Amino acid sequence: MQLAVSTCVASAAAGLVALSTWLFRCWWLERNCRSVDVRVANYSAAHSFAGSIKALAVKCFPTEFENGVLDACSDEDACKDVLNTLSGFHSVEDCQWLLAMRQELVLGLAMLVPYHDSLYVASLCVDPAHRRQGLGALLMRSASAHAHQLGLPSLCGTVTNSNSNAKHLVDFYQRLGGSVEKNHAVCSQSTTLLSQRLRAPSGPATAHGVRPPMRITTCASDKEPWKYENLLKLRPHPN
């Protein structure tokens, strides 16, 4: 009898410790994220933070920017190279850049571009020294709020199965409310890789109270970012 009671007490104590640890981590993550501003910038506005973006790219994408390829470049030229590389086959002028910032230091970023009725999110990265602090989730939730503000009903992204972090990325996306469309083929001229298309609704369901990002402008003539209704007007109508 005493052994059973002792076991129950020990289990209860362990449960309380685990709950306290979880609550403390939630509080700490929320407090940490409050000190981070999320801003959205077009190609030209992103160059205002060229040095910080250059440093982040070297840390997060060592394969793409290996052997000190950016060291000999000025911050401005390096930023152009980074944004052009991370935009992939998309026109860099069509992309926006979501920047997680503490003061003027860029701690994380993601590329955004409209894709049909979704906001496509790619190249999401966080400074290794600031990972596991909720910044990746903050970027995704901010992207959700931004998409909703633009009138785009969903977010989407792609993870190739050859990516060593594929399972982690899919789990991360699902925790944020996303779903997976498996066996979606991504093709190029030289290869075809099986990948997973990820999709999630935009707005309150996935933003979880995070506000749309503050927009960085470079001049008074900087126009409003793309709106869903404007994108529809640009599409050719079927005959």
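Which residue in S2 is the bridge partner of Val40? In this predicted model, that partner is Leu98. The pair sits where two strands meet: S1, covering residues 37-41, lines up with S2 in the antiparallel sense, and 5 bridges link the two.

S2 also pairs with S3. Here the strands again run antiparallel, this time joined by 7 bridges. One spot to look for is Arg102, which stands opposite Leu105 in S3. S2 and S3 make a hairpin, with 2 residues between them. One residue in that turn, Gln103, has a positive phi of about 60°. As for how covered S2 is, 6 of its 7 residues are buried, so to speak leaving the strand mostly under cover.

Now for the nonpolar cores. The largest one contains 32 residues, and the members that touch the most other members are Ile53, Leu83, Trp97, Leu99 and Leu109. Helices and strands both chip in: H2 (43-46), H3 (50-60) and H4 (75-86) each supply at least two residues of this core, and so do S2 (96-102), S3 (105-115) and S4 (118-126). Apart from this core lies another one, made of 29 residues, including Val40, Ala100, Leu152 and Phe172. Val40 has come up already, as the residue bridged to Leu98 in S2.

Ile53 is a handy place to start exploring the largest core. Leaving aside residues up to four places away in sequence, Ile53 touches Ala46, Cys79, Val82, Leu83, Leu99, Val106 and Leu109. Ile53 is also one of the buried residues of H3, along with Ala50, Ser52, Lys54, Leu56, Ala57 and Cys60. What do these buried residues of H3 pack against? Their partners are the helices H2 and H4 and the strands S2, S3 and S4.

H6, spanning residues 166-175, shows how a helix can have two sides. Its buried residues are Ala166, Val170, Phe172 and Tyr173. Looking down the axis of H6, these buried residues fall within an arc of 160°, which means that they line one face of the helix. The face turned away from that buried side carries Lys167 and Arg175, both exposed. Phe172, from the buried set of H6, also turns up among the members of the 29-residue core. After H6 comes Gly177, with a positive phi near 105°.

Technical notes
Residues are numbered from 1 along each chain as its sequence is written. This is a predicted model: local features need pLDDT of at least 70, side-chain atom pairs count only at pLDDT 80 or more; totals for chains, interfaces and linings use all residues. Side-chain values use heavy atoms; hydrogens and water are left out. A nonpolar core is a set of buried Ala, Val, Leu, Ile, Met, Phe, Trp, Tyr and Cys residues joined through side-chain atoms within 4.5 Å. Buried means under 20% relative accessible area, exposed over 50%, partly exposed in between (1.4 Å probe, protein chains only). Helices (H or I, at least four residues) and strands (E, at least two) are DSSP runs, numbered from the N terminus. Contact means heavy atoms within 4.5 Å. The arc is that of the directions from the helix axis to the C-beta atoms. Two strands pair if DSSP finds at least two bridges between them.
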